[in-house]
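Subject: The structure for you to look at

Hello,

Here is the structure I promised to pass on. Please open it beside this email, and then read on for what was found in it.

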Amino acid sequence: MDWAPTFTLNQADAAELLSHLHAADTSFSPPLSSRVNLADYVTKLLARAERFEAWAGLNLIGIVAAYCNSHAAFISTVSVFPAWQRHGVGRMLMEHCLEHMRRLNLASAAREGSDRAQPALELYRSLGFVPTKAQEPNKPVLQLHLCLTQ
């Protein structure tokens with residue numbers, strides 16, 4: 001990569017988020033657009049989620065979005081453009097997200113992950129997430145949990 005990404009919190013606008021999700025859509029398994037209306041999802045993210053963003057210049061190259069309540073958080077989206085994967089962008093976004101949750105004194109974080117996304121699962125496990133529920137037959141989704149208090 002020609003330059004190091006910069007990281008922000010809740011700075012991307014609706015058009016930037018939608019553009020990123022459209023461009024990254026096929027990186028999700030199954031594609032995110034097959035599960036949600038992307039425009040509606042962006043509206044929900046803007047209204048309810050904390051968004052940790054990675055930028056290369058003016059390009060939004062990565063997002064981690066989390067819904068936080070008074071005691072726990074659910075990480076709904078982890079997305080890094082393929083050209084920026086395996087360069088630490090996802091890890092940095094997740095670390096910013098988890099540190100934010102710790103500052104809020106949240107007890108735990110949850111994430112669902114596809115069992116087909118081995119690099120992502122390796123990242124979650126390296127950050128301390130552990131599977132919490134047996135995988136359902138014919139549903140390639142693992143539920144992962146991280147205790148934020150030690």
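Which backbone oxygen does the side chain of Arg51 reach? The partner is the backbone oxygen of Ala49, at 3.4 Å. Before we go further, please keep in mind that this is a predicted model.

Let's stay with Arg51 for a moment. This residue sits in strand β2. Its relative accessibility is 5%, and because buried means under 20%, Arg51 counts as buried. Leaving aside residues up to four places away in sequence, Arg51 touches several others, among them Thr8, Leu17, Leu45 and Val64. Thr8 is a nice one to find on your screen: 43 residues separate Thr8 and Arg51 in sequence, yet their C-alpha atoms are 8.3 Å apart in space.

Arg51 also has a charged partner. Side chains of opposite charge can pair when their charged atoms come close. Here Arg51 forms a salt bridge with Glu53, with 3.8 Å between the closest N and O atoms. Both Glu53 and Arg51 are buried.

How many salt bridges are there in the model? The count is three, and the other two can be found in helix α3. Arg91 and Glu95 meet at 3.8 Å, N to O. They are four residues apart in α3 (residues 89–103), so about one helical turn separates them. Arg91, at 31% relative accessibility, is partly exposed, and so is Glu95, at 35%. Arg103 and Glu99 form a salt bridge too, their closest N and O atoms being 3.9 Å apart. This pair is likewise four residues apart in α3, about one helical turn. Arg103 counts as exposed at 53%, whereas Glu99 counts as partly exposed at 38%.

Now turn to helix α1, residues 14–24. Which of its residues are buried? They are Leu17, His20, Leu21 and Ala24. Looking down the axis of α1, you will see these buried residues fall within an arc of 95°, so they line one face of the helix. An α-helix has 3.6 residues a turn, so residues three or four places apart point the same way. On the other side of α1, Ala15, His22 and Ala23 are exposed. The cover over the buried residues of α1 includes α2 (38–48), β2 (50–56), β3 (59–68) and β4 (72–80). Finally, look at the N-terminal end of α1, which Asp13 caps: one of its side-chain oxygens lies 3.1 Å from the backbone nitrogen of Ala15.

Enjoy exploring!

Best wishes

How values were computed
Residues numbered from 1 in each chain as written. Predicted model: local features only at pLDDT ≥ 70, side-chain atom pairs only at ≥ 80, totals over all residues. Heavy atoms only, no water. Buried < 20%, exposed > 50% of the residue type's maximum accessible area, 1.4 Å probe, protein only. Arc of directions from axis to C-beta. Contact = heavy atoms within 4.5 Å. Polar contact = N/O pair within 3.5 Å; in protein donor to acceptor, adjacent residues only side chain to side chain. Salt bridge = Lys/Arg side-chain N within 4 Å of Asp/Glu carboxyl O.
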